[in-house]
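This briefing goes through the fold, the cross-link and the buried positions of one protein chain. Please keep the sequence and the structure at hand while reading.

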Amino acid sequence: MRYHTSWRSWRLLPLTLLLSGCVSSMGPSSWESGYRQVDEPAGNDAEALRRVIAPNSCGVSPGQAGIVPLPPGCANDLNLQAMVERPNDLLYGREMGAARGAPVAAAARERLEDRERANSRRVVLESEARGSASRSVTTGDL
């Protein structure tokens, strides 16, 4: 009987080891998002402005050379900076335009109105059918 109890504890060992790998001493990652202008641009073009904007998460100046260890989030912010159409959008953003939901709302309204018209037509047809059914002629009336 004692052999059976020790065999059970050995069977749980892989599960215990597997679950112990899930425990981590690392906390949640947090970094400051956003961008800042670190210098005046050398020209008026987008590339000159792109060179003087730096992500807040990086904490390094844009002109720093060599191998620089990047903190969490810095690579993502640098990639976003390289992909953005207008670098000034990173600092100030754009004014939002009109909502794009208007065409969808109009289509839904039209669909609902068509359904209401179809329902009212159905009610009229049903009432006409009931009225004609009451006036139907049978063979005995002939």
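Contact, as the word is used here, means that heavy atoms lie within 4.5 Å. The model is predicted, and its chain has five helices and two strands, which follow one another from the N terminus in the order α-β-α-β-α-α-α.

**Overall character**
- Of the 142 residues in the chain, 13% are buried, and the accessible surface comes to about 12200 Å², with carbon and sulfur atoms contributing 57% of that area.
- Among the contacts in the chain with a separation of 6 or more, 40% are made by residues 24 or more positions apart.

**Helix 3 and its two sides**
- Helix 3 spans residues 74-83, and within this helix C74, D77 and Q81 are buried.
- These buried residues cover an arc of only 65 degrees around the axis, and therefore they sit on the same side of helix 3.
- N76, A82 and M83, by contrast, are exposed on the other side of helix 3.
- The cover over the buried residues of helix 3 includes strand 1 (35-37), helix 2 (46-51), strand 2 and helix 4 (88-91).

**Q81 as a buried position**
- Q81 has a relative accessibility of 6%, and because buried means under 20% relative accessible area, Q81 counts as buried.
- When neighbours within four places in sequence are left aside, Q81 is in contact with Y35, R50, I53, P55 and L90.

**The disulfide**
- The structure holds one disulfide, formed by C58 and C74, whose sulfur atoms are 1.8 Å apart.
- C58 lies in the loop between strand 2 (53-55) and helix 3, whereas C74 belongs to helix 3 itself, so the pair ties together parts that are 16 residues apart in sequence.
- The link of C58 and C74 is right-handed, with 95 degrees about the S-S bond, and both of these cysteines are buried.

**The largest nonpolar core**
- In soluble globular proteins, nonpolar side chains tend to be buried together.
- In this model, the largest nonpolar core consists of six residues, namely Y35, L49, V52, I53, V84 and L90.
- One of these core residues, V84, is in contact with R50, D89 and L90 once its neighbours within four places in sequence are set aside.
- Y35, I53 and L90, which are also members of the core, are among the residues in contact with Q81.

Technical notes:
Residues are numbered from 1 along each chain as its sequence is written. This is a predicted model: local features need pLDDT of at least 70, side-chain atom pairs count only at pLDDT 80 or more; totals for chains, interfaces and linings use all residues. Side-chain values use heavy atoms; hydrogens and water are left out. A nonpolar core is a set of buried Ala, Val, Leu, Ile, Met, Phe, Trp, Tyr and Cys residues joined through side-chain atoms within 4.5 Å. Buried means under 20% relative accessible area, exposed over 50%, partly exposed in between (1.4 Å probe, protein chains only). Helices (H or I, at least four residues) and strands (E, at least two) are DSSP runs, numbered from the N terminus. Accessible areas come from the Shrake-Rupley method with a 1.4 Å probe; for residues, only the protein chains shown count as cover. A disulfide is a pair of cysteine sulfur atoms within 2.5 Å. The arc is that of the directions from the helix axis to the C-beta atoms.
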